[in-house]
Amino acid sequence: MSRYRRVNLTSTVVVGCPGYLRNAVYPGRGCCVGVLSSAQEYRSVDSASHTEGSAPDLAALRRAYEGRPLLESDLAADPIAQFTAWFAEAEAAGIPEPNAMIVATSSLGGRPSARTVLLKDVDARGFVFYTNYESRKGRDIAENPRASLLFPWHPIRRQVRIEGRVVRVSREESAAYFESRPYGSRIGAWASRQSAVVGSREDLDARYAALAARWPDDVPAPDFWGGFRVVHAEVEFWQGGVDRMHDRLRYRASEGQWLVERLAP
Ligand SMILES: Cc1cc2nc3c(=O)[nH]c(=O)nc-3n(C[C@H](O)[C@H](O)[C@H](O)COP(=O)(O)O)c2cc1C
């Protein structure tokens, strides 16, 4: 397995000035991705779709994707090395919450659902997020332990799509991450029966206050809360190209190796 730089996702900071509104120059190989040339261009796309009081003209909303193509020779030997390189570039471009990803799950009956969560760890074992195990996604995963992840890094015309089986991270790992969270988030994890119907905002706040009174200092890690790791079997790197001739390069695990295949856009 090739070496890669580990990204510390627990300390991702949202920078105040959105760098994707500026010209961006990327260091290293294969990094030029046609970031928006100016704030002007970014705003003109928005204004085309939003005349106040009228429905947005979604059919007219399109953006030309220009830049250097993504070639097989640009890719790292393994998908995690490639992901961490692209993640660093997404951060450098000032994308807000670059670790925000869509997680798609499905019930055993085939009813899909998707939501945003935050990536909190990534290494050769997979992609980790934390949640309530009794939430809708938690129940889906219990029934059907597979998921698809999507990083929508639109301002730099990139997306990364991941598929794989899902496993729980160890209790120790979950407890260690829980400890690192701010006090309010730890109480919040207890207070929210995630995905259940609640009577009112007041009910939710009263539950939070009662739990904060119960644990004014140390908050134990709930056993219904913890991490899931998506063990990547496929990772696709998508980069927008001219005339919708986008680049799609997919790593696929096959007999202990990573195969790279190009997909039609
Ligand atoms: C930017 C963002 C980050 C989020 N991060 C998380 C997260 O890390 N874990 C989580 O359980 N929910 C997170 N949520 C809330 C989820 O999108 C979702 O509402 C919640 O997990 C319940 O989903 P479910 O009912 O499908 O299980 C986040 C939402 C947003 C918009």
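**View 1. Five residues that come nearest to the ligand.** Of the 16 residues around the ligand (C-beta atom, placed from the backbone, within 6 Å of it), the ones that come nearest are Arg115, Thr131, Ser135, Arg136 and Ser195. Strand 2 (112–118), strand 4 (126–132) and helix 3 (136–143) are the elements that each give two or more residues to this shell. Helices (H or I, at least four residues) and strands (E, at least two) are DSSP runs, numbered from the N terminus. This is a predicted model: local features need pLDDT of at least 70, side-chain atom pairs count only at pLDDT 80 or more, and totals for chains, interfaces and linings use all residues. Residues are numbered from 1 along each chain as its sequence is written.

**View 2. The make-up of the ligand shell.** Strand 2 gives the most residues to the shell, five of them. Sorted by class, the shell holds five nonpolar, seven polar and four charged residues. Here Ala, Val, Leu, Ile, Met, Phe, Trp, Tyr, Cys and Pro count as nonpolar, Asp, Glu, Lys and Arg as charged, and the others, Gly among them, as polar.

**View 3. Ala176 in helix 4.** Take a look at Ala176, which belongs to helix 4 (residues 171–180). Ala176 counts as partly exposed because 13 other C-beta atoms lie within 10 Å; 20 or more would make a residue buried, and 12 or fewer exposed, with C-beta atoms placed from the backbone. Ala221 is 45 residues apart from Ala176 along the chain, and their C-alpha atoms are separated by 8.9 Å.

**View 4. The protein around these sites.** Six helices and nine strands are found in the protein. Of its 265 residues, 28% are buried.
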